[in-house]
Number of protein chains: 2
Amino acid sequence: MESVREKLQIFVRRFGLLNAASCDNCCGEQVSMVQSHILFEVRRLQNPSMQQIADALGMDVTTFSRQAKTLEAKGLVSRRVSADDRRVSHLSLTAAGEDVLSRIDRYMADNIERIFSSMSAFEQETVIRSLGLLNDALATSGCCGVSQNNTVACCK
Amino acid sequence: MESVREKLQIFVRRFGLLNAASCDNCCGEQVSMVQSHILFEVRRLQNPSMQQIADALGMDVTTFSRQAKTLEAKGLVSRRVSADDRRVSHLSLTAAGEDVLSRIDRYMADNIERIFSSMSAFEQETVIRSLGLLNDALATSGCCGVSQNNTVACCK
DNA sequence: ACCTTTACTTGCATATTGCAACTATTTTTA
DNA sequence: TAAAAATAGTTGCAATATGCAAGTAAAGGT
């Protein structure tokens, strides 16, 4: 029998690969997979600081700093120093950045649609509800991305 | 409203982080995250060839070759040349490898239990069934890990 | 004013990755 | 059956990603 862990592991891996394929196929050399995750989060959390994004992605701020610089150089994000606190920089998508991200969106949406198309309407709804449940449970349990000092890395 | 894509993306990222934490927390310097995925697959596909594992993980064979060498050097997997075809090497877990993997298993199982504990029995069952549905749908759709030449990378 | 904390950046050393090119072993084919 | 093509896996190499330690600069606390 397949364990829950196994199901999760395999699902996550497959979706990760889909994600990678998405970067490759619709914006080729433009962005790497981490970079597409960054674009995704910049849009999701509106006007986030560097630290916020790094936390959301569970990545080291120093690594993030460099990736942000790269994305800025590519003209996909822009940076604005906060008026309140001049230490913090807020990132936002440029028009080009939004464009890249929406191409990725479209690719993912197509694939998700194809994936879901093999299910009945009822199944689809069940699956979507389950994903919501899982996300809530993950956020509540606070056990993802917990580092040794017990700081939660990602579950905002 | 949160889109399905958003739900999936976030869930996958969180689980990925949990996975990373799992490597860190229970076998620290021992194995990286990709390496734990490799151990996982070596066990799952019994006596797989190099190519098979690389395919399952959607990774380049050359990268895999090096990772395999590292894991062998660490004494976590062992390699046996096939009798049928002396080009292929089959990998298997050593006792040490099984040990590491089962520590990761335990860590993951604990976390998964904690995550699921906030749900009702009914919800748990729904979620687990949904994961099965999703995996089947992903495998059927053949859209994960499809590279430019249309070869499916992972959905065996 | 001084000390501490916070946000972010850089130096450095290491690890990961993919492509092209290589060896070794089948398999095909002419 | 000998030569050609395909397959499994390995290296060279150059690019990229990563994390830690140490730095700068700006707030905040006392």
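**View 1. Arg79(A) meets the backbone of DNA strand C.** A polar side-chain atom of Arg79(A) sits 2.3 Å from a phosphate oxygen of DNA strand C. Ser65(A) also brings a polar side-chain atom to a phosphate oxygen of this strand, at 2.6 Å. Thr62(B) reaches a base instead: an N or O atom of its side chain is 3.2 Å from a base nitrogen of DNA strand C. A polar contact here is a pair of N or O atoms within 3.5 Å; within protein, one must be able to donate a hydrogen and the other to accept it, and residues adjacent in sequence count only if both atoms are side-chain atoms.

This is a predicted model, in which local features need pLDDT of at least 70 and side-chain atom pairs count only at pLDDT 80 or more, while totals for chains, interfaces and linings use all residues. Residues are numbered from 1 along each chain as its sequence is written, chains are lettered from A and ligands numbered from 1 in the order in which they are written, and side-chain values use heavy atoms, with hydrogens and water left out.

**View 2. The protein surface around DNA strand C.** There are 22 residues around this strand, and Met50(A), Ser65(A), Arg79(A), Arg87(A) and Arg66(B) come nearest. A residue is near a strand if one of its heavy atoms lies within 4 Å of it. The surface holds 3 nonpolar, 9 polar and 10 charged residues. Ala, Val, Leu, Ile, Met, Phe, Trp, Tyr, Cys and Pro count as nonpolar, Asp, Glu, Lys and Arg as charged, and the others, Gly among them, as polar. Of the strand C atoms within 4 Å of the protein, 62% belong to sugar or phosphate, and the rest to bases.

**View 3. Chain B at DNA strand D.** An N or O atom in the side chain of Arg79(B) is 2.2 Å from a phosphate oxygen of DNA strand D. Backbone atoms take part as well. A polar backbone atom of Gln51(B) is 2.8 Å from a phosphate oxygen of the strand. For Ser89(B), a backbone N or O atom lies 3.0 Å from a phosphate oxygen. Helix H3 (50–57) and H4 of chain B, together with H4 of chain A, each give two or more residues to the surface near strand D. Helices are DSSP runs (H or I, at least four residues), numbered from the N terminus.

**View 4. Where chain A touches chain B.** The contact (heavy atoms within 4.5 Å) takes 59 residues from chain A and 59 residues from chain B. Arg13(A) forms a salt bridge with Glu41(B), with the closest N and O atoms 2.0 Å apart. A salt bridge is a side-chain nitrogen of Lys or Arg within 4 Å of a carboxyl oxygen of Asp or Glu. Between the chains there are 4 salt bridges. There are also 17 residue pairs in polar contact, both at pLDDT 80 or more. H1(A) supplies the largest share of chain A's side, 18 residues. That side has 31 nonpolar, 14 polar and 14 charged residues.

**View 5. The axis between the two chains.** A turn of 180° and a shift of 0.0 Å along the axis lay chain A on chain B with an RMSD of 0.0 Å. That is the relation of a two-fold axis. In chain A, the C-alpha of Val12(A) is nearest the axis, 2.7 Å from it. Copies are superposed by least squares on the C-alpha atoms of residues with pLDDT of at least 70 in both.
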